[in-house]
Amino acid sequence: MRITSIQTNLYRVPPTIRISDSIQSIHTWEWIITSIHTDAGLTGTGWSYTLGMGGSGLRSIIDDYLAPILVGYETHQIEQIWKTCWEELHANGSGGFTTLAIAPIDIALWDLAAQQRGLPLYKLLGGARDSIPAYGSGINMHLEGQQLADQMREFLDSGYGTVKIKVGRDDPMEDVERVATVRNTIGPNIQLLLDANQSWSAGEAVRRGKMLERFGPAWIEEPILADDIMGHTHARASLAIPIALGETLFTKYQFADYIHANAVDVVQADICRVGGFTEWLKIAKLAESHNLPVSPHFAAELSVHALCAVPNGLIMEDLKGGSLSDLGLLEEPWGVSRGRAVPPTKPGHGYIWNQQNLNKYLVSGKPENIVPTRKLNH
C-alpha cells in the first residue's frame, strides 16, 4: 500500500470556555489535520495542534516540503518515513516545529496500519489494557473560591477520582488559598494534581512547593522552565511532592537527559509535540526502563490509545473544554465515562471528523485576528 497524496488543512477553533494559566491565555486552538491517501483506497488522518501561534507554518512545512518527498513510500515504512522527515528538518531544530510537523503524518500512518489489519490502534501499538483512569483537568487560574469549588464538584459528580488545578499566581498565598479550597471540596481521598506551567525559578519552586506540601498533592507539574534540567533535579530532591513534566519537551534525547539527571517522577510526553506515536513509544519504553510511569499531556483522543498500549501508562488527562468532542469536531463524540477512558474499538484510531463543523474554522490562506497568548508580565 503506497502513499498517493497528502493533504493538510489548518483550522482555528475558539475554546468553548475561558482557558487561562500562570503564563498564558488560550483564545484559539489551532488544529493541523493531515489526510494520507493510498493506492488501496484507504485514508489515514493525523493531527497536531498549537495554542494559537504557528499553525500556518506547520501546514506549509507538511504540504510544501514533506508531502512531495513522501508520495510513493509504502505506508508500512513508518520508521523510515519518521527518520526521513526528522533528518530533513533537523537543521531547523530537532524539536518544536520539526516534531509538530511530523506528528500528523506519523499518526495518519499508524491509523492506516491499524485499519489495514482491522485492529483498533491501541491493540496494534501494544494492547497492554482496554481502559485507563482519567483525571479531570482545568486550565482555571482565573477561578477561585466558590467558582473553583463548583468546577471540582463537577469533576467529582462525573466520577473522577483525580483532579488537577493550575497554580502560579503572583501572590503565593493566593495559591495556598486556592489549593486549600480544592482540598476541602474534594476531601482527603481524591488525588489532587497541581500544574505551575514553568512559572518559577528553582529556588522559588522549592519555596512555593513547601507551602503546598501539606495538601498532599500527588504531583506538581512543570514548576520550572522546561529548559532547566538541574533546576528540576534540585526541586525534586528538595520537595515531598513528585515532579511531573514533559509537555514542553520534544525529543527522546531531552527525556533521556531529564531521566538521567533524576529530575522527573512522571513522564508527560505529548504525542503531537514529540512527533507522533513512533517517538512517543520510544519515550514510554525509556521511562519504563527507569521504572517511571507515563501520563501524556492533553490530546485525550490520542493519549487513550497510547496509554492502553503500554504497561507503564498511569492516567489520562481529560481537559475541560479541550477535547475534540467538547469543540464539536467529531461526528461521533467520544469521552470519559465515570472517570475511566476506553479507546474506540473501530479499526484505526476510530475518530471521524465532523467536516461540516470543521469547515466553519478552515483557514485557507493567511490567519487573521491573531491575539497574543502570553501574559504581559511574563
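**Cavities, a sheet and one bent helix**

The largest cavity in this predicted model has a volume of about 150 Å³. A cavity here is a set of points, on a 1 Å grid over the protein atoms alone, where a 1.4 Å probe fits but cannot get out; grid points are joined across faces, edges and corners, and a volume is the space filled by probe spheres set on the points. Lining residues have an atom within 4 Å of a point. For the largest cavity there are 17 of them, and I26, I139, K166, E247 and H297 lie nearest its centre. Strand 5 (162–166) and strand 10 (316–319) are the elements that give two or more residues to that lining. With a floor of 30 Å³, the count comes to four cavities. Helices (H or I, at least four residues) and strands (E, at least two) are DSSP runs, numbered from the N terminus.

A word on bookkeeping. As this is a predicted model, local features need pLDDT of at least 70 and side-chain atom pairs count only at pLDDT 80 or more, while totals for chains, interfaces and linings use all residues. Residues are numbered from 1 along each chain as its sequence is written, and side-chain values use heavy atoms, with hydrogens and water left out.

Pockets come next; a pocket is an open set of points with protein on both sides within 12 Å along at least five of seven lines. The largest pocket holds about 510 Å³ of space. Its lining counts 20 residues, with Q24, L51, T248, R273 and R374 the closest to the centre. Strand 3 and helix 3 are the elements that give two or more residues to this lining.

Strand 3 (residues 43–50) also belongs to an open sheet: four strands, in the order 3-2-1-12, with antiparallel pairing. Two strands pair if DSSP finds at least two bridges between them. Strand 3 and strand 12 (362–363) sit at the edges with a single partner strand each, so one side of each is left without a neighbour in the sheet. Strand 1 (residues 3–13) pairs with strand 2 over ten bridges; along that pairing, I3 stands opposite T38 and Q7 stands opposite S35. On to the next pairing: strand 2 meets strand 3 over eight bridges, and W31 has Y49 as its bridge partner in strand 3. These two strands form a hairpin with four residues between them, and G41 in the turn has a positive phi of about 90°.

How enclosed is strand 2? Buried means under 20% relative accessible area, exposed over 50%, and partly exposed in between (1.4 Å probe, protein chains only). Nine of the ten residues of strand 2 (residues 29–38) are buried, so the strand is largely enclosed by the rest of the structure.

Helix 3 (residues 97–117) tells a similar burial story: 17 of its 21 residues are buried, so the rest of the structure largely encloses this helix too. The expected span of a helix is 1.5 Å times one less than its number of residues. For helix 3 that gives 30 Å, and the end C-alpha atoms are 31 Å apart, which agrees. There is nevertheless a bend of about 30° at A103, with a proline, P104, following within four residues; the bend is the angle between axes fitted to the seven residues ending at a residue and the seven starting there. Just after helix 3, G118 takes a positive phi of about 70°.

Most residues other than glycine have a negative phi. N262 goes the other way, with phi near 55°. N262 is in the loop between helix 9 (252–260) and strand 9 (266–267), and is exposed at 51% relative accessible area. F298 is not a glycine either and has a positive phi of about 55°; its place is in the loop between helix 10 (277–289) and helix 11 (300–309). At 5% relative accessibility, F298 counts as buried.

As for cysteines, a disulfide is a pair of sulfur atoms within 2.5 Å, and the count comes to zero. The closest cysteine sulfur to that of C85 is in C272, 15 Å away and too far for a bond. C308 is in no disulfide either, its nearest cysteine sulfur being that of C272 at 17 Å. C85 is buried at 0% relative accessibility, and C308 is buried at 0% as well.
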